[in-house]
2 protein chains.
Amino acid sequence: MSLASDVLDAARDRGVLIATAESCTGGLIAGALTEVPGSSDVVDRGFVTYSNAAKQQMLDVRPQTLVAHGAVSEQVAAEMASGALSHSDATMTVSVTGIAGPGGSEHKPEGRVCFAVANAFGISTETVEFGPLGRHRVRAASVDHALRLLLRALRN
Amino acid sequence: MSLASDVLDAARDRGVLIATAESCTGGLIAGALTEVPGSSDVVDRGFVTYSNAAKQQMLDVRPQTLVAHGAVSEQVAAEMASGALSHSDATMTVSVTGIAGPGGSEHKPEGRVCFAVANAFGISTETVEFGPLGRHRVRAASVDHALRLLLRALRN
């Protein structure tokens, strides 16, 4: 809650509007930000793109990127964050796509999560191996990490 | 978790794909559904339409409906659920718009939450007065209620 508040305060100070693009976290980043009273002046919207069709239709993720790198990849995370920027009024976006488990998929291990943050100046991406913590903990750790990435970008 | 599992099982049995359209719950309904392993065969996507601009741009909520009835109204909930149906691959959608608090707004009391469930056969709407439970509890009660509405619709 206080991390979400810090993100909102930093965004408010800089006049930044935020949108989220979430796959494995399924809406929980937007949920964490909007838990804070008064978040409506910073949170524009969220895209929960759980299916590949949703990633393509809502965020313009390219089919060839999905095929070449898989849904859990920095390339897809980058396209999700970029798509959220162009399909919203937000000036900063964060995206998450990962293997929450249980078990791996796409030949990738449970706990691998890819993130991207985008604004008008560019996109940064990152992969974190949280390890096989179980679905609930991987998702919670991913929400926390996404909020820290936003905070770092806002303070840059 | 077990309520979300029940919704997923009932949807799976009937070949139903679900999308969510969330305002005051900010992604938590999608978050609850996707907490269940294997939810990806039922959950298509979620729209977190926190701002009025997002409601209009993502879900075709009409400006005149927002002006005439306010964002927290069964009319807006109905348009959100209907918009989610036409902007997704889902065959059943649920929408939520409410006053999570603290305090009232739009001359409406804290804890008033409007819901809609839509499928090819129509849209049903409902308003619940949860009362001034505080932001966290109003949101949690709204998630729970939305899941129960989906379950009821799926068992009809």
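Helices (H or I, at least four residues) and strands (E, at least two) are DSSP runs, numbered from the N terminus. With that in hand, let's work through some exercises on this predicted model.

**Exercise 1. Where does Asp60(A) lie, and what is its phi?**

*Step 1.* Find the neighbouring helices: Asp60(A) sits in the loop between α3 (52–59) and α4 (63–69) of chain A.

*Step 2.* Look at the backbone. Asp60(A) has a positive phi of about 60°, although it is not a glycine. Most residues other than glycine have a negative phi.

*Step 3.* Check the surface. Partly exposed covers the range between under 20% and over 50%. Asp60(A) has a relative accessible area of 44%, so it is partly exposed.

*Step 4.* Turn to the other chain. Asp60(B) is in the loop between α3 (52–59) and α4 (63–69) of chain B. Its phi is near 60°, and with 45% relative accessibility Asp60(B) counts as partly exposed.

**Exercise 2. Which peptide bond of chain A is cis, with omega about 5°?**

*Step 1.* Start from what is usual: most peptide bonds are trans.

*Step 2.* Now find the bond in question. Gly101(A) and Pro102(A) are joined by a cis peptide bond, with omega about 5°.

*Step 3.* Place it in the chain: Pro102(A) belongs to the loop between β3 and β4 of chain A.

*Step 4.* Look at chain B too. There, the bond from Gly101(B) to Pro102(B) is cis, with omega near 5°, and Pro102(B) is in the loop between β3 (92–98) and β4 (112–119) of chain B.

**Exercise 3. Why is strand β3 of chain A largely enclosed by the rest of the structure?**

*Step 1.* Sort the residues by direction. Met92(A), Val94(A), Val96(A) and Gly98(A) point one way from β3(A), while Thr93(A), Ser95(A) and Thr97(A) point the other way.

*Step 2.* Count the buried ones. Seven of the seven residues of β3 (residues 92–98) are buried, so the strand is largely enclosed by the rest of the structure.

*Step 3.* Find the strands that pair with it. β1 (residues 18–22) runs parallel to β3(A), joined by five bridges; Thr20(A), for instance, has Val94(A) as its bridge partner. Strand β4 (residues 112–119) runs antiparallel to β3(A), with seven bridges between them, and here Met92(A) is partnered by Asn119(A).

**Exercise 4. Is Arg45(A) buried or exposed, and which side chain of chain B does its side chain contact?**

*Step 1.* Locate the residue: Arg45(A) is in strand β2 (residues 43–48) of chain A.

*Step 2.* Apply the cut-off, where buried means under 20% relative accessible area. The value for Arg45(A) is 1%, so this residue is buried.

*Step 3.* Follow its side chain. A polar contact of 2.8 Å links it to the side chain of Gln57(B). A polar atom of the Arg45(A) side chain also lies 3.4 Å from the backbone oxygen of His87(A).

*Step 4.* Connect this to the interface. Chain A and chain B bury about 2,300 Å² between them, 50% of it on carbon and sulfur atoms. In chain A, the residues losing the most area to chain B are Glu35(A), Arg45(A) and Tyr50(A), together 24% of what that side buries.

**Exercise 5. What turn lays chain A on chain B?**

*Step 1.* Read the superposition: a turn of 180° and a shift of 0.0 Å along the axis lay chain A on chain B, with an RMSD of 0.0 Å.

*Step 2.* Draw the conclusion: the two copies are therefore related as by a two-fold rotation axis.

*Step 3.* Compare the contact surfaces. Both copies use the same surface, since 100% of the contact residues of chain A recur in chain B.

*Step 4.* Find the residue of chain A that comes closest to the rotation axis: Gly27(A), at 2.1 Å (C-alpha).

**Exercise 6. Which residues of chain B does Thr34(A) touch?**

*Step 1.* Place the residue: Thr34(A) is in the loop between α2 (28–33) and β2 of chain A.

*Step 2.* Check its accessibility, which is 0%, so Thr34(A) counts as buried.

*Step 3.* List its contacts, leaving out residues up to four places away in sequence. In chain B, Thr34(A) touches Thr25(B), Gly26(B), Tyr50(B), Arg135(B) and Arg139(B). Within chain A, it touches Ser39(A) and Val43(A).

Notes:
Residues are numbered from 1 along each chain as its sequence is written. Chains are lettered from A and ligands numbered from 1 in the order in which they are written. This is a predicted model: local features need pLDDT of at least 70, side-chain atom pairs count only at pLDDT 80 or more; totals for chains, interfaces and linings use all residues. Side-chain values use heavy atoms; hydrogens and water are left out. Buried means under 20% relative accessible area, exposed over 50%, partly exposed in between (1.4 Å probe, protein chains only). Two strands pair if DSSP finds at least two bridges between them. Copies are superposed by least squares on the C-alpha atoms of residues with pLDDT of at least 70 in both. Contact means heavy atoms within 4.5 Å. A polar contact is a pair of N or O atoms within 3.5 Å; within protein, one must be able to donate a hydrogen and the other to accept it, and residues adjacent in sequence count only if both atoms are side-chain atoms. Buried area is the accessible area (1.4 Å probe) that two parts lose on being put together, summed over both.
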